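Please open the structure in your viewer and keep the selection tool at hand. We will go from one selection to the next, with a short note on what to look for at each stop.

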Amino acid sequence: MIRIAPSILAADVLNLERDARKMMDAGADWLHVDVMDAHFVPNLAYSPAVVRRLKEISTVPLDVHLMMDHPERFLDPFLDAGADILTIHAEVAGDLGAMLGKIHRRGARAGLAVRPGTGISAVIPFLNQADLILTMTVEPGFGGQKLNEGVLGKISDLRRIGYTGEIEADGGIKESNLEMLTEKGLSVAVMGTALYRAEDPKEMMRRLHEMG
Ligand code: DX5
Ligand code: ZN
């Protein structure tokens with residue numbers, strides 16, 4: 001069954017606990033926490049302190065997405081804070097294998113993300129180390145963008161070459177386009193805007209879970 005990971009980037013930052021609980025009560029499988037450094041992406045979002053407090057109230061795994069250069073500097077802070085899944089971008093400089101290995105050694109699941117413009121060739125060398133491949137369906141940095149359908153081929157290509165880990169997509173996902181992603185082999189959908197704008201997130205989540 002498709003896992004739904006609401007992105008708290010779309011939550012009301014003045015009511016983060018309320019909005020996190022709202023999505024967990026609605027049936028979220030994970031909570032997706034976008035972290036941005038104003039360098040790798042032109043935006044700033046969430047810190048280890050936020051993850052630490054979310055961990056105190058969360059009944060589901062925290063799926064932390066590091067949209068930052070030099071993620072090696074922040075693996076420990078986010079792992080200490082309680083990240084259950086920690087995803088770095090394949091485009092950053094540095095030893096990706098070493099970073100993925102460190103995340104594993106500390107007992108978390110390790111993810112590797114690619115921007116829409118980065119081919120899966122960037123992740124192929126790491127498929128046996130990555131528990132999750134995040135194929136961004138928008139240019140990272142902001143919620144509320146339109147899904148880039150050109151990314152779908154990456155999902156099916158990963159399954160075709162035999163990748164059996166989680167494949168997650170993030171950005172522009174909504175009820176009307178989720179099925180074309182699950183048909184390609186998607187296993188986790190990050191959704192921010194669509195869920196936080198939903199009249200009845202619980203009812204929407206029920207329908208979404210039936211899609212894959
Ligand atoms: C982009 C962010 C968004 C957000 C979800 O860097 O990662 O993808 O989580 O976006 P929407 O609001 O389009 O679901
Ligand atoms: Zn994200």
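Start by selecting Arg-207 and Glu-175: in this predicted model, their side chains form a salt bridge, with the closest N and O atoms 2.4 Å apart. The pair links distant parts of the chain, as Arg-207 sits in helix 8 and Glu-175 in helix 6, 32 residues apart. Colour the two by accessibility next. Arg-207 has 30% relative accessibility and therefore counts as partly exposed; Glu-175, at 24%, counts as partly exposed too.

Stay on helix 8 and add Glu-203 and Arg-206 to the selection. Their side chains meet in another salt bridge, at 2.4 Å from N to O. Here the partners are three residues apart in helix 8, about one turn of the helix. Glu-203 is partly exposed because its relative accessibility is 28%, and Arg-206 is partly exposed with a relative accessible area of 39%.

Now add Glu-210. Which residues are linked with Glu-210 in a network of salt bridges? They are Glu-175, Glu-203, Arg-206 and Arg-207.

Next, move to helix 2, residues 48-57, and pick Arg-53 and Glu-56. This salt bridge spans 2.3 Å from N to O. The two are three residues apart in the helix, so about one helical turn separates them. Both Arg-53 and Glu-56 are exposed. Across the whole structure, a search finds 15 salt bridges.

Go back to helix 6, residues 175-182, and show Asn-177, Leu-178, Leu-181 and Thr-182, which are buried. Look down the helix axis: these residues lie on the same side of helix 6 because they cover an arc of only 145° around it. To see what the buried residues pack against, display strand 1 (3-6), helix 5 (152-160), strand 9 (188-191) and helix 8 (201-209).

For the last stop, turn on a surface and find the largest pocket, which holds about 420 Å³ of space. It is lined by 31 residues, and the closest to its centre are Gly-144, Gln-145, Gly-171, Gly-172 and Ile-173. Which elements give two or more residues to the lining? Select strand 2 (31-37), strand 4 (62-67), helix 6, strand 9 and helix 7 (193-196) to see them. Colouring the lining by residue type shows 14 nonpolar, 11 polar and six charged residues.

Methods:
Residues numbered from 1 in each chain as written. Chains lettered and ligands numbered in written order. Predicted model: local features only at pLDDT ≥ 70, side-chain atom pairs only at ≥ 80, totals over all residues. Heavy atoms only, no water. Buried < 20%, exposed > 50% of the residue type's maximum accessible area, 1.4 Å probe, protein only. Helix = DSSP H or I, 4+ residues; strand = E, 2+ residues; numbered from the N terminus. Arc of directions from axis to C-beta. Contact = heavy atoms within 4.5 Å. 1 Å grid on protein atoms, 1.4 Å probe; cavity = no way out; pocket = protein on both sides within 12 Å on 5 of 7 lines; lining within 4 Å. Points joined across faces, edges and corners; volume = space filled by probe spheres on them. Nonpolar A, V, L, I, M, F, W, Y, C, P; charged D, E, K, R; others polar. Salt bridge = Lys/Arg side-chain N within 4 Å of Asp/Glu carboxyl O.
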